[in-house]
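Here is a short tour for anyone who likes to check a fold by eye. Have the viewer open, and follow along one section at a time.

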Amino acid sequence: MFSPGTIYSNITPLVKSPVIGYRISGPDVLDILKKLTKRNFSREHSVIKVVKLYNYVGEILDKCSVVYFKSPKSFTGEDVCEIFLHGSPLIASQLEQTLKNFKIPGLRLAKNGEFSFRSVLNSKNSLKQVKAINAIISNESFSSLEYNKKLLFGGDVLSGLAPLREDIINLFSEITASIDFVDDEDFNFKQIKEKILAFYLKCNNILLNNKSKVNQKNICKVMLIGPVNVGKSTLFNKLIDKDRAIVTDIKGTTRDILSNKFIFDGKKFEIFDTAGQRSKQGKIEKYGYKKAQSISKDMDHFFVLADKNTKKSDIKQLFDDFPVGNNHTFILTKSDQYQYKSKNIKISQNHDRDLIMKKIKVSQIHKKYVSYKNQKIDFNLEEIDFLERILEYKHDIVKETDILIIAQLMRNILDDFSFEFGYINNEDVYDRVFSNFCIGK
Amino acid sequence: MEHYDILVIGAGHAGIEAANISEKYGLKTALITKNYSDLGKLSCNPSIGGVGKTHIASEVDILGGVICKIGDKSAIHYRVLNLSKGPAVWGVRAQIDRDLYSKNMQKYVKSSKIDLIEDEVINIIEKNNKVIGVECANTGKIKSKAVILTTGTFLNGKIYFGKETKEAGRIGNSSSKELAKFINKNFKTMRLKTGTPPRIYTKSINYDILEPQPSENNGIFLSYFTKQNTNKNINCFITKTNNKTHKIIRDNLDKSAMYSAIIKSQGVRYCPSIEDKITKFGDRNGHNIFLEPEGLNSELVYPNGISNSLDKKIQLKFLRSIKGLEKCEVDQFGYAVEYDSVDPRELKNNFETKKIENFFLAGQINGTTGYEEAAGQGIYAAINAAKRIKKIKFNNKVFERDNSYIGVLVDDLTKLGITEPYRMFTSRAENRLKLRTDNSYERFTDIINPITFNKNDYTLISKNIKNEKKIIDKLKLLKFTPNSLMKKNVKVKKDGKVRNGFEVLKFLDPTPPIFKDFFNMNISQKLLTKIFFDSKYEVFYEREKKSYDQLNKNKNMKLTNIDFSQIPSLSKEILEKLNKYKPENLNDAGKISGITPSALFQIVKHKKVKGTKIA
């Protein structure tokens, strides 16, 4: 499970970019920094230093920013340094080679999630908080982003499961009391059953209310359609802004459909470029066009492109072939070449990206399909999974008439909560029993 | 000088069970009591059993103990609690005639080979941390290979009526100072508190206007071996406190030892005084009082539910505000007792003290409450002492917490210690469905011994076990398809699974005629109920075992040499808890309330990397 030693890993993708970051965590960090920079960092906690890095034979590797965090005031709770190299994968590989050549016992590449794991080990973060970090990075949705931030900065008590935990302890306490202290108070099996049902109803409602919110859609899918040579690819390239836009996972699917995600004004889009439509299609184009049709049902919106040469029948064909409906923007291209009288949106390849974005109203389109207002949610995906696990006991508990078996199943649920929030032992249960019921003679 | 194998000090429930089993194992045994008349005295309420309590008592019974048998012989009223629930939590409770119980017990002990010594033990004699005997006030020194101390609440006892205090154990006993010094010197002790209600003259109670609670005669007794009632059964009665009572108590809380802050020690949450009840649950219409007769010929009644430490005058005043008690007269007023108990973590899991070899502690001195809990400890300590001295053999597993309530008690006491007097609840056991009173003979097969029973009892138990096995074997040979069951109107899943008779049993109504009709075998209702629930709970035994194993998988990771304060990443709260409970292994650490999985990770990490360089 846990193996000690100093670990390192890149913390940005290893691709050509302005900066590539590395994190090193463990007892040998100061030693490594001394070897790399020929400087002593022990008094440089949390200060960014621009220094030269040397490889193991003393040649300069890079000149870059380095920051050192002294244990325990670091993410992992151990000594940590972060190095921001010039963004060349080549330099990155040289750094890794240098680290290897230092031959420090135990120094190794970190496993997936190992920094987070150490931060939990060292009480820097609770299990829940680390999961929250993960959720924040993977950016489930705007609402869960807020919720996960709350968990991360406020702690486990803010979890939406916390009140349910209270409910289940109280319920279990009542069941316990009704068995062990049967003649001290009037306990009623029917009432207990009703309370169990009410608890499950609550779980169910919470689940229904939050599931959709947690899984809330945060991306708007747009497809470009139009006749051949109308300028779809030009617009596609403008939108994704290959040089500057924050572009993630380039998915070149077939040569006919390109899709790409981009973020504009904090809003996520996925844009699909399709094979052009023409009256006489070749085999390959036909295949591409069919494929575009088949994925078109998942689209939120269509940009229907046309120019001076587009015939009305072409447009009609497109509207027949794709589920465009009202969810479309009609765009006339090549406005630098042609004069249009129509009031439709007109764009040209000479327009800069921002102007095009404004003209085709991407922000408004996003707003139409994605609710990115912060809906208040009380759970993240992990917790929703947990809730679903608890609901799995429902059938067994509700149909059961033997309170001892119900108690056993409830104990299992309590143990599940124990794992999330810390062990709930008999004493905790008795505390509730004796404060909620007048027990004893 | 006499030389004993086992010497038991104190002749309460723990002491008697210890001496009895020791004698049955053929060891030379002495039982020392300060007063012969104290032998087998029911010092508090006149009843034995109840949910959780019966569970321990029945284990003592099957191990060869006496509490259930003498209890049944002296019983004057029976009730079975939880009868509407499964038999795993049935709790038979018997009202006991105090005089009869003492008499029967004295007669029994006298008829045994136990040497009864009436004297006061003033010191324990040890040599090189090993006990070698005791010193008595009159008899002088007595040698013994093992000593079991079962002296209840004698340590620094103090009693309180309102603001009046008196040094003593129970009323009429003087505290044994010398022995107390020895204990205080050698062991860590803790201050506990308990209370008792006033005793009322039965002739001063107006029963005509009260609700009677008749004895239930359903053939369920304390002991496995009892077949019928010995005594005439009489009624208990119920009455209630009222608003007037509550007002009297509320207005005089400053005259209560507990509420005027004279007593500071930890009270018992499940045995609250009437002051507690009024303060915490005063909005209720009234709190029940069970008027329990102290015996067939006794002139006293034990009003269960109103233990208190109020001033005597106030006690009388509030009693007379209660229906039926308007003209009551009191023999002895209620009082609170403060006493020291030994921290049970001073004991090994065989109840021998960690400090002094062959010196065992059992009963209330270990911080428990209740006759049954004491009896369980007495028999357990003596079995372990006998194991030490005579090398009797038994499988330790029978006293693990997954197999017996005695095991649960031992584990809880020696591992987690106590913060208040410890009483058994069925919910303390993870394997509650399996730890039933109707199957204790099965759970203790590995230790059941012909020498611990009289001949009749042993014949009965062997015959029953044989008979049960025969029926189960036959049942398991019978095969039923879902179709054949449907034809007999038994609803099962149409899963094509062929079930044997034992598996089918849980789908039937557990009555002997139906059983006979279905399987063509005669069976007693008692046995049928037992095997019906075995059939029904079988799948849950597995589940319980799983969670028990889960709980115990880190048992081997010892934590005894760890200084938790050396783990810098542990939070202050967690550190306090670990230092308080000093868990022996990782498994026990995990059972402490509020200990999080990440705290456990940190302990594991600390243990694994101790000595290696790590920040």
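## A bridge between two strands

B:Lys158 has B:Glu167 as its bridge partner in strand S11 of chain B. That pairing belongs to a wider match: strand S10 (residues 158-161) of chain B runs antiparallel to S11(B), and four bridges join the two. This model is a predicted one, so please read every value here as computed from it.

## The sheet around it

Zoom out a little, and S10 and S11 turn up in an open sheet of four strands in chain B, ordered S11-S10-S19-S12 and paired antiparallel. At its edges are strand S11 (164-167) and strand S12 (189-196) of chain B, each of which pairs on one side only. On average, neighbouring strands of this sheet are turned by 20° against each other, ignoring direction. As a reminder, strands in a sheet pair through backbone hydrogen bonds, in either a parallel or an antiparallel way.

## Domains of chain B

Chain B splits into domain 1 (3-190 + 342-443), domain 2 (199-214 + 232-338), domain 3 (454-546) and domain 4 (564-609). Taken over C-alpha atoms, the centres of domain 2 and domain 3 of chain B are 47 Å apart.

## A helix in chain A

Now over to chain A. Which residues of helix H12 (residues 362-369) are buried? They are A:Val362, A:Ile365 and A:His366. These residues lie on the same side of H12(A) because they cover an arc of only 100° around the axis.

What covers the buried residues of H12(A)? The cover includes strands S7 (219-225), S9 (258-264), S10 (267-273) and S11 (301-306), along with helix H11 (353-359), of chain A.

Terms used: Residues numbered from 1 in each chain as written. Chains lettered and ligands numbered in written order. Predicted model: local features only at pLDDT ≥ 70, side-chain atom pairs only at ≥ 80, totals over all residues. Buried ≥ 20, exposed ≤ 12 C-beta atoms within 10 Å, placed from the backbone. Arc of directions from axis to C-beta. Contact = placed C-beta atoms within 7 Å. Domains from an automatic or database assignment. Pairing = 2+ DSSP bridges. Axes fitted to C-alpha atoms, helices over the stretch in contact; angles between N-to-C directions.
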